[in-house]
Protein chains: 2
Amino acid sequence: MTRQLDGLFNPKSIAIVGASSDPLKVGAIALKNIILSGYKGKLFPVNPNINEFGGLKFFKNITSLPQIPDLVVVAVPVIKVFEILTECGEKGVKNIVIFSSGYKETGTDGKKIEDELVEIAEKYKLNILGPNCMGFASTHLPLNVTFGHSEIDKGVLKLVSQSGSLAASLFDWCNTTKLGFDSFVTIGNKAVLSEVDILEYWEGQLSNESNPRIVPVGMYLESIDRGTDFINIVKKITPNNPVFIMKPGKGKSAARAMQSHTGAIAGEDKIFESAIAQVGGIRCHELSDFFDLAQVFTWSKVPSGPRVAVVTNAGGPAVMVSDSIEKYGLELATLTESTKKSLREYLPKIASIQNPIDLLGDALQDRFEKVLNKVIDDENTDSILVVLTPQLMTQVEKTAEVIGTVSSKTTKPIYCTFVGGKKVATGRDILNKLKITNFDFPERAVKTLATVWKWEKWRKGVEQFSSDTTKTIKMDVDEIQAALENYDKEKIMSILSVKTPATAIVKTEVDALGFAKVNGWPVVLKIRSEDILHKSDIGGVKTNIRDVVELEKSFGEIKKVVVGLQSSYSEPIKIEIQSQIGSGVEVIVGVKRDPVFGIFILFGAGGKYAEILDDHSLISWPTDMENIKKIVSQSKVYKLLAGYRDDSAYNLDSLYQAIDGLGQLMSVFEEIKEMEINPLVITHDKTWAVDIKIVR
Amino acid sequence: MTRQLDGLFNPKSIAIVGASSDPLKVGAIALKNIILSGYKGKLFPVNPNINEFGGLKFFKNITSLPQIPDLVVVAVPVIKVFEILTECGEKGVKNIVIFSSGYKETGTDGKKIEDELVEIAEKYKLNILGPNCMGFASTHLPLNVTFGHSEIDKGVLKLVSQSGSLAASLFDWCNTTKLGFDSFVTIGNKAVLSEVDILEYWEGQLSNESNPRIVPVGMYLESIDRGTDFINIVKKITPNNPVFIMKPGKGKSAARAMQSHTGAIAGEDKIFESAIAQVGGIRCHELSDFFDLAQVFTWSKVPSGPRVAVVTNAGGPAVMVSDSIEKYGLELATLTESTKKSLREYLPKIASIQNPIDLLGDALQDRFEKVLNKVIDDENTDSILVVLTPQLMTQVEKTAEVIGTVSSKTTKPIYCTFVGGKKVATGRDILNKLKITNFDFPERAVKTLATVWKWEKWRKGVEQFSSDTTKTIKMDVDEIQAALENYDKEKIMSILSVKTPATAIVKTEVDALGFAKVNGWPVVLKIRSEDILHKSDIGGVKTNIRDVVELEKSFGEIKKVVVGLQSSYSEPIKIEIQSQIGSGVEVIVGVKRDPVFGIFILFGAGGKYAEILDDHSLISWPTDMENIKKIVSQSKVYKLLAGYRDDSAYNLDSLYQAIDGLGQLMSVFEEIKEMEINPLVITHDKTWAVDIKIVR
């Protein structure tokens, strides 16, 4: 359900409950901020103890207001909030901002209070921003409904922050760098309205824009509840406007103990990361990335290719820039002969006219100007990076101005790095004033440029927008249901066209020997129990048994394990014998139902290399065959699958089909939480599922 | 040879050739800088066209000076330099700084000029700093012999820079942050004096220090020529003083940029990195790391453990800090119950008294003060990270002052991150003034702290200082020489106690079948030629041949390859048959003679996983057994060797011995450039060299 939030974010009338004559009170600051921001609508300060203050008539309560305000701002402590919400509901108010804290963030008791708040909101269909939030601001109206600092510069950036404290830093930084912003919404505990609602509202605005330009959308989020909705709305925005997200919680401390590899590897965070990447969203891993992207998407043009020309008065640092350009997947542009010819004319003989272009330490602004003008016109360059150090002759300010002039004439982005302290500070101020992206250190410039180019490349691509078309296996639901009930994994694998090695339950060595004689050596012995997941870890798997002697030894050992374990389990533990599959490439294919983001498939190197190779790609299902092939081809193990040295390439059709089939099974049988084949052994003629786990 | 550089860096008399009355000339600036820096020794300006200027008597030339100056500064163009050097040599001058450019950095002609300069230096035993350098400065004397800017703050930092332009940025930054420095030496083209000489000079000073404190030594280098000397001198410094090095040239494109810049040629970057790490040196990968380390080693105490307490008024960013702490290998401190009890008293009920300690958005300076004082006394904390955002009530300046007061009372480092723009800028200025390390963004603070802790942990360890004691194999030099001449790899392997599979040269299928019958299936067929290195790539290796049918097929195929190739090679190409080794862990052991850093050994996953696993550790040889075990245990493939799931651990003694033995062979037989065993198959009972390469 897309909510109607015009009354909230563009109100014609606002009531402030808790408006106060005490300038330190939150309500007073919010009232002041609304007025100072230049708000032109009606204002109704509400405070039962004040009749009039600062030329404004105050009201006793919401009920007594002369009209239904579009928006009510609640700036009173938590204990008074319910009364006010009920009043609002009865009056017919639809949109509310709650500043107060004392809810979910304080623990169990607070959670109860917040649950009650949600109930009232549902009863009266209230759009509530917060509680425990800092409000919102829009410079295009203008309107500042926050109790933060009042100065706000106009810009294009749209920001959502779940944290008020981070918002304070962002506010300050945006103002200092003259970046400004268009909209800033803090969502606090997001009891009712979440980032999804804000994005939906903005998406509506953006898609109605008559004169569209790139509008950067930044988000600081600590949690995402409506994962699928979130991904869907991000997907709508990213083809035209970049969405970059800072979300902490990457560490193990945040990851839950999972039963299978897939569960352990595909923790919440990796799923989030892959889901976002799949729809062109940008995950920021460091706070500085977030600030940097805010800047470049606001000020800078987007490069149409990866080729960077570096222009510098500092040979040394330029070398480092080359390292970074390679590291982050960009390219040093190869200048045309015509450009080189001009550079040869403009520059001293010992200057480097190869890229990085070293103007030498005595370069004045005119040398920068001539070279920059030539380089932006070079058809082989997509972006320009200027690296300046404050040497004896360097004209820091004038060079900054020259860069501004050049930048105004080109569609190619110019990124600047003026490295130093106070000698370059005024140059940076000029760059900020001229809206030229600039950075303290060259690596940050390159990293940011690479991120922007990655987004541009993503949205230029069309394959990402192919519809979800997989459904490669045919399913007899009853048949599969029965197989699931009976733990008949072989049956399930056969539906996926994946072979399973000959297998039998054996009670004695003689039985085992009989199996080996029929099915051939080598064989594998394993304990069979649904309750024991990591059998190998407890000595419950014996591989590569090649003859009678080895079989007797292994059987004795595994029997011992079974006897030792049996007392802890109610079900009898059995011993299974299996033909050992010949050599092939071992991969892992897992599928997991994430509570927030839905079905995800994992692919990577399997068997004993699964953990040491760190080779895991994730993709959400449903998807199309091209995307399935893509995650396989992006894996490290693909190098083996694609043929390596003596080995010819493998036929991977059955692998692709198995990957898709697992997703399909998960979507139909909602009781399955996780499924995993590890190893899935890919040989030249067949694909073998050697170990299969199904977690229900 | 350690050079006597006291006359260069602490001269009692200085002559400036090219001193000038034109204030824009390099010689004039250098003269001015020497005077303004407060130099107390004798000054002899030299310029044939000036008699007197600015109250100073000028001299016509070096010859006419009334004494031999300790130092001659040459600030004239390259064409006049030789004459001056000869004059200096004849006069008996020993120490010279040359500013002028036009040497090696300009190409082949310049290289010739520089070679001549080196010849003169050798003839007269001159210590020359430069050419193409910016000179040096020492604040403790004080003396500033540069043509850079004149203001220099006193500090403890010692810096070497090969790049003058980077030096300009560092100067500016050190002055702006009030970091200051003790010594700053730019080495330019280092025709005579290199970083090694500077380090040796400093090491002499440092080890004579009566009241030692930590002196950070930072270096920006583009090339290293005397690798072994460099490593040896760094090794002497690092147990007491940190050495951190910025050296670009990690990527291919960077190597290109360097050739066109100073004529430096990129060494093998990974060898450099591993050599430095082995002796406790710190490699900076980004320019910001370099600046950050300069700051923390100058101002901050060194933590005695990895446990960080985070104190913040911003819950959101603190979560990101936790991510970083985990990412960079530090730990979130677990506070004692006593600390928690106090925090509960000091803080509002809803504040988090777990680490990160969230003081809440309305925290004033007193809350910071109380909590910081308690947390620094907690026995479970080794360092404190303060993260502040500028919220409505935040007392930025007062909090900065409080942090300074707390810091002055503790031996634990306090790192600060004030996130924002101008609202926090004054706070940062106060922190700089109080010499409290501070950063724009929390990730940089954590990354830097982790680097410092890594160094501290390294120097606390004793195993790094064990002497080089390996020499595990016994060698009969003549026997090995003969084996090398005869390409008898089996012999060489047997000296290393490494088995080689049964092997024979076969001419016909019948021969091959005979081999298999004697030695057992499966077998491998390969073409045998010293000239063909990547046999697999051309179909010259057939593995896993299990019976007669497969043998006939494979023999036919490989025969075809041999026939096809033969015309291109003069030596007859033979076919080799080999017993195929059973399953085991495949590793690679290589040894290489690096022209700069000496013998290096490489260990990692081998066989087909060698390339996709990216698992290569390097260690210089000679070393001791503990270090050899360490590089094995640090590899990814070690997880398999140490026993994994069904598999028990392997006996690795023969592996360690083989690694050491390869180093020993290289050290004795200098004609060997590289040796490689890949794969070396480690089974539970034996270690098998399956493929051996020796490059001479």
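By what turn and what shift along the axis can chain B be laid on chain A? Some friendly notes follow.

1. This is a predicted model, in which local features need pLDDT of at least 70, side-chain atom pairs count only at pLDDT 80 or more, and totals for chains, interfaces and linings use all residues. Residues are numbered from 1 along each chain as its sequence is written, chains are lettered from A in the order in which they are written, and side-chain values use heavy atoms, without hydrogens and water.

2. On confidence, chain A has a mean pLDDT (the predictor's confidence in each residue, from 0 to 100) of 89, with 94% of its residues at 70 or more. The complex receives an ipTM of 0.88 and a pTM of 0.89 from the predictor.

3. Please take care with residues 253-261 of chain A, where pLDDT stays under 50 and the model has 19 contacts (heavy atoms within 4.5 Å) beyond four places in sequence. Where pLDDT is low, predicted coordinates should not be read in detail.

4. To answer the opening question, a turn of 180° and a shift of 0.3 Å along the axis lay chain B on chain A with an RMSD of 0.4 Å (least squares on the C-alpha atoms of residues with pLDDT of at least 70 in both copies). This is the relation of a two-fold axis. The same surface serves both copies, as 94% of the contact residues of chain B recur in chain A.

5. Chain A also holds an open sheet of five strands, ordered β2-β1-β5-β6-β7 with parallel pairing (strands are DSSP runs of E, at least two residues, numbered from the N terminus; two pair if DSSP finds at least two bridges between them). Its edge strands are β2 (42-46) and β7 (127-129) of chain A.

Conventions: Helices (H or I, at least four residues) and strands (E, at least two) are DSSP runs, numbered from the N terminus.
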